[in-house]
Amino acid sequence: MSRSAAPLPRDDECDVHRDLVDESAAERRHRRRVEVRGASRPPSHVVRAATSTHNVSDHLTIRRLRSLMGQLPKGTLRTCPIGTDHRLPLVVRGERRPHHRRRSMSVAEGRALPLAGVRVLELGNYIAAPTAGRLLADFGAEVIKVERPRTGDEVRNWRLYAGDTSMLYRTINRGKKSVVLDLRSPEGRDAVLRLVATCDAVLENFRPGTLEKWGLGPAELDAVNPDLILSRVSAFGQTGPLSERPGFAAVAEAMGGLRDLVGEPDRPPSRTGVSIGDSIAGLYAGFGIVMALFQREKARGGDRPTLVQRTIDVALNEAVLSVMESLVPDHLAYGVDRQRVGGRMEGIAPSNAYPCADGSSVVIAGNGDGIYRRLMAAAGRADLGEDPSLQTNAERWARRDELDDAIGAWTATLPRADVLVALEEAGVPAGPIYTAGDIVDDPQFKARNMIQYFDVDTGEGTPRRVGFPGIVPVIGDRSLPVRHPGPDLGEHTAEVLAEIGLTPVDQPEGAR
């Protein structure tokens, strides 16, 4: 059985402390964390945190601070915001003092990471919500991923060639902690609520209504943490006639308009080789959390954002629709329905993949008016480059087959390297079509630390050195270091549950 949380102090017990400190959302979250595990610290921790790096004015001297701290009822400080992993702003006569960054923040290459001190609980499977969690973890957030007992996230078995955890899982869930809990059980629900009380945000991508069925809906989460940000990812959103329908990215890409444009015009629609719909939704879910964190901090000292304002609702089909550019406006304004055009981009020419003499291909983007003329000169077809009837994209699009044939005839006479050199000298955007092996060997990716290596269990007995993609966007001149690949199932269960007062004896059944 789980232990009950330490009781909250009476409101009047912290009144003096609140006069001294403007309690931020992060500090409220840490206070709840302390309450849950029933820890305590002496007043000197608070005094040192408040005075070590701030120039306190004559109106609020250190002596006055210590005097006021001494007025607090015995035992009160264990429930006040004293975390060493969060910023503690002082307020003197209504003025907010500069933040002091604690040493225990996540640091990469000597820099405090932007999201250090943020704690996120991920109740997500597959790709969309975990992608959002990955982005937050990449930049310093502590992301606790809750997985079902025994099997964990199903992505552990996707594209699994050996062992028990795929490289796909290791990639998408890098930098996170794995905790095993059965959300359907009362004990698992209790543990989740205890964790929620210590977190800044919750990420989830269950079918709408599932968390509510388990007693973990927005109202229950808000009751234990009124500052919590909730980011929800689903196939069609939390409202509307399709909200309760299940769906994966493949369906969302089709219904969002993407699938109809991918592939050759004389063949059925194709799909891109990655779960792009999930990844786009994950970007929005992560951005939504950061946006809500920013709003929450701006509102500190004023009206607290409502639960509705703190709920991010991301639908896979809408995420896809959002990147479809002018697909809908073109239809409504001009009656134009875009068509599949293979490797081209409708209305833009010349832009395609072209074969080379060595059997490889290059992608050439000569779609700017000036770039087009330089491209045709490099290809030995200055006549087409200077043709008055080919000086705009619309004109070139009408003769796209003729232009592609001319460019392809030139590239077919040269190896790829020679084609790329000629185009670089002419100032024409072009590049090779890379395989995974090409990416690993590319000097540009190496220079920006975009392939990072770890010893990983691949199921072959001895750990193998495996490269994983770096962190995007780059801050500075190269990728921040990835902290670690996705964890083993339940790797951090004991550690995380101990923080909320659950010992190995009374941890929920199924946790390991």
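Modeller: A pocket is an open set of points on a 1 Å grid over the protein atoms alone, where a 1.4 Å probe fits and protein stands on both sides within 12 Å along at least five of seven lines; its lining residues have an atom within 4 Å of a point. The model is predicted: local features need pLDDT of at least 70 and side-chain atom pairs count only at pLDDT 80 or more, while totals for chains, interfaces and linings use all residues. Numbering starts from 1 along each chain as its sequence is written, and side-chain values use heavy atoms, leaving out hydrogens and water.

Biologist: Which residues lie nearest the centre of the largest pocket?

Modeller: They are Leu168, Thr171, Ile172, Val274 and Pro469, and the lining has 25 residues in total. The elements that give two or more residues to that lining are α5, α6 (167–172), α11 and β15. Helices (H or I, at least four residues) and strands (E, at least two) are DSSP runs numbered from the N terminus.

Biologist: How do you know what span to expect of helix α11?

Modeller: The expected span is 1.5 Å times one less than the number of residues. Helix α11 (residues 276–298) has 23 residues and reaches 33 Å from its first C-alpha to its last, close to the expected 33 Å.

Biologist: Which core receives residues from α11?

Modeller: The largest nonpolar core does, and α11 gives the most to this core, with six residues. A nonpolar core is a set of buried Ala, Val, Leu, Ile, Met, Phe, Trp, Tyr and Cys residues joined through side-chain atoms within 4.5 Å. This one has 34 residues, and Val120, Leu136 and Leu203 have the most contacts inside it. Val120 touches Leu136, Val143, Ile144 and Leu203, among others, not counting residues up to four places away in sequence; contact means heavy atoms within 4.5 Å.

Biologist: Why is Ala422 called partly exposed?

Modeller: Its relative accessible area is 23%. Buried means under 20%, exposed over 50%, and partly exposed in between (1.4 Å probe, protein chains only), so Ala422 takes the middle class. Ala422 lies in helix α18, and its C-alpha is separated by 8.7 Å from that of Ala379, 43 residues apart along the chain.

Biologist: What makes the buried residues of α14 lie on the same side of the helix?

Modeller: In α14 (residues 369–378) the buried residues are Tyr372, Leu375 and Met376. They cover an arc of only 95° around the axis, and therefore they share a side of α14. The arc is that of the directions from the helix axis to the C-beta atoms. Their cover includes β12 (361–365), α17 (400–411) and α18 (416–426).

Biologist: Why are Arg150 and Asn449 placed in opposite accessibility classes?

Modeller: Arg150, at 76% relative accessibility, counts as exposed, whereas Asn449, at 15%, counts as buried. Arg150 is in the loop between β6 (142–147) and α6, and Asn449 is in the loop between α20 (443–447) and β14.

Biologist: What is notable about phi in these two residues?

Modeller: Most residues other than glycine have a negative phi. Arg150, not a glycine, has a positive phi of about 75°, and phi of Asn449 is near 60°, also positive.

Biologist: Which peptide bonds before Pro350 and Pro473 are found, cis or trans?

Modeller: Most peptide bonds are trans. The bond joining Ala349 and Pro350 is cis, with omega about -5°, and that from Val472 to Pro473 is cis, with omega near 5°. Pro350 is in the loop between α13 (327–334) and β11 (351–355), and Pro473 is in the loop between β15 and α21 (493–499).
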